[in-house]
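Colleague: I would like a close look at one part of this model, the packing of the helices against each other. Please go through it pair by pair, and add whatever is worth noting about the segments beside them.

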Amino acid sequence: MSRQAEKPLNDGPIIHKEKIIASKMIRIYCKKKHHEKEICGECRSLDEYVMKRLSYCKFGEAKTACAKCPIHCYAPAYRQEIKHVMRFSGPWMLLYHPIESIRHIPIPEKLKKTLSR
Ligand SMILES: [Zn+2]
């Protein structure tokens, strides 16, 4: 069908890590906003969508943070939703998963080294 379909799916370490971070952020958001034990249906479909977008990301391992990407590959509704999630879960990520959030938040090199020790 489309040209995209011929390209193999991304599965390198950078994409993999982005998927883990996105999933964690969506789960934090759901837990604190929707108060369900398990991830709710709405957040689950957002999660699936994000995983798919990352698998098909045109830049693959060379990708930048999605927020800085010149190609907005998200459908507008999902894009709004993930923006909310990122804004909401960003500070929680610093608290829960400081190392993983480093890539997405501008932190001076020196501090990065201290944090990852
Ligand atoms: Zn939810």
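Modeller: The protein has five helices and zero strands, so its elements, read from the N terminus, run α-α-α-α-α. This is a predicted model. Of the 117 residues in the protein, 33% are buried. Among contacts with a separation of 6 or more, 71% join residues 24 or more positions apart. The accessible surface amounts to about 8300 Å², and carbon and sulfur atoms account for 59% of that.

Now the pairs. Two packed helices are described by the angle between their axes and by the distance between those axes. Helix 1 covers residues 13–34 and helix 2 covers residues 41–56; their axes come within 10 Å and cross at roughly 165 degrees. Angles over 145 degrees count as roughly antiparallel, and helix 1 and helix 2 are therefore roughly antiparallel to each other. The crossing of these two helices is right-handed. On the side of helix 1, the contact is made by Ile15, Glu18, Lys19, Ala22, Ser23, Ile26, Arg27, Tyr29, Cys30 and His34, which meet Cys43, Leu46, Asp47, Val50, Met51, Leu54 and Ser55 of helix 2. Sorted by class, this contact holds ten nonpolar, three polar and four charged residues.

Helix 1 also packs against helix 3, residues 76–96, with the axes 8 Å apart and an angle of about 95 degrees. Angles from 65 to 115 degrees count as roughly perpendicular, and helix 1 and helix 3 are therefore roughly perpendicular to each other. Helix 1 contributes Ile21, Lys24, Met25, Ile26, Ile28, Tyr29, Lys32 and Lys33 to this contact, while helix 3 contributes Ile82, His84, Val85, Met86, Phe88, Ser89, Gly90, Trp92, Met93 and Tyr96. The classes here are twelve nonpolar, three polar and three charged residues. Ile26 and Tyr29 of helix 1 appear in the contact with helix 2 and again in the contact with helix 3.

Helix 2 and helix 3 close the set of pairs described here. Their axes come within 11 Å and cross at roughly 105 degrees, and the two helices are therefore roughly perpendicular to each other. Glu42, Ser45, Leu46, Tyr49 and Val50 of helix 2 make this contact with Tyr78, Glu81, Ile82 and Val85 of helix 3. By class, the contact has six nonpolar, one polar and two charged residues. Leu46 and Val50 of helix 2 take part here and also face helix 1. On helix 3, Ile82 and Val85 meet helix 2 and also meet helix 1.

Two residues outside these helices complete the picture. Proline 8 lies in the segment before helix 1. Proline 8 is exposed, with a relative accessible area of 64%, where over 50% is the cut-off for exposed. The C-alpha atom of proline 8 is separated by 8.8 Å from that of serine 55, although the two residues are 47 residues apart along the chain. Serine 55 is itself one of the helix 2 residues that meet helix 1. Histidine 35 is found in the loop between helix 1 and helix 2. Its phi is near 50 degrees, a positive value in a residue other than glycine. Histidine 35 counts as exposed, at 64% relative accessibility.

Technical notes
Residues are numbered from 1 along each chain as its sequence is written. This is a predicted model: local features need pLDDT of at least 70, side-chain atom pairs count only at pLDDT 80 or more; totals for chains, interfaces and linings use all residues. Side-chain values use heavy atoms; hydrogens and water are left out. Axes are lines fitted to C-alpha atoms, for helices over the stretch in contact, and angles run from 0 to 180 degrees between N-to-C directions. Helices (H or I, at least four residues) and strands (E, at least two) are DSSP runs, numbered from the N terminus. Angles under 35 degrees count as roughly parallel, over 145 as roughly antiparallel, 65 to 115 as roughly perpendicular and the rest as oblique. A crossing is left-handed if the near helix is turned anticlockwise from the far one by less than a right angle, and right-handed if clockwise. Contact means heavy atoms within 4.5 Å. Ala, Val, Leu, Ile, Met, Phe, Trp, Tyr, Cys and Pro count as nonpolar, Asp, Glu, Lys and Arg as charged, and the others, Gly among them, as polar. Buried means under 20% relative accessible area, exposed over 50%, partly exposed in between (1.4 Å probe, protein chains only). Accessible areas come from the Shrake-Rupley method with a 1.4 Å probe; for residues, only the protein chains shown count as cover.
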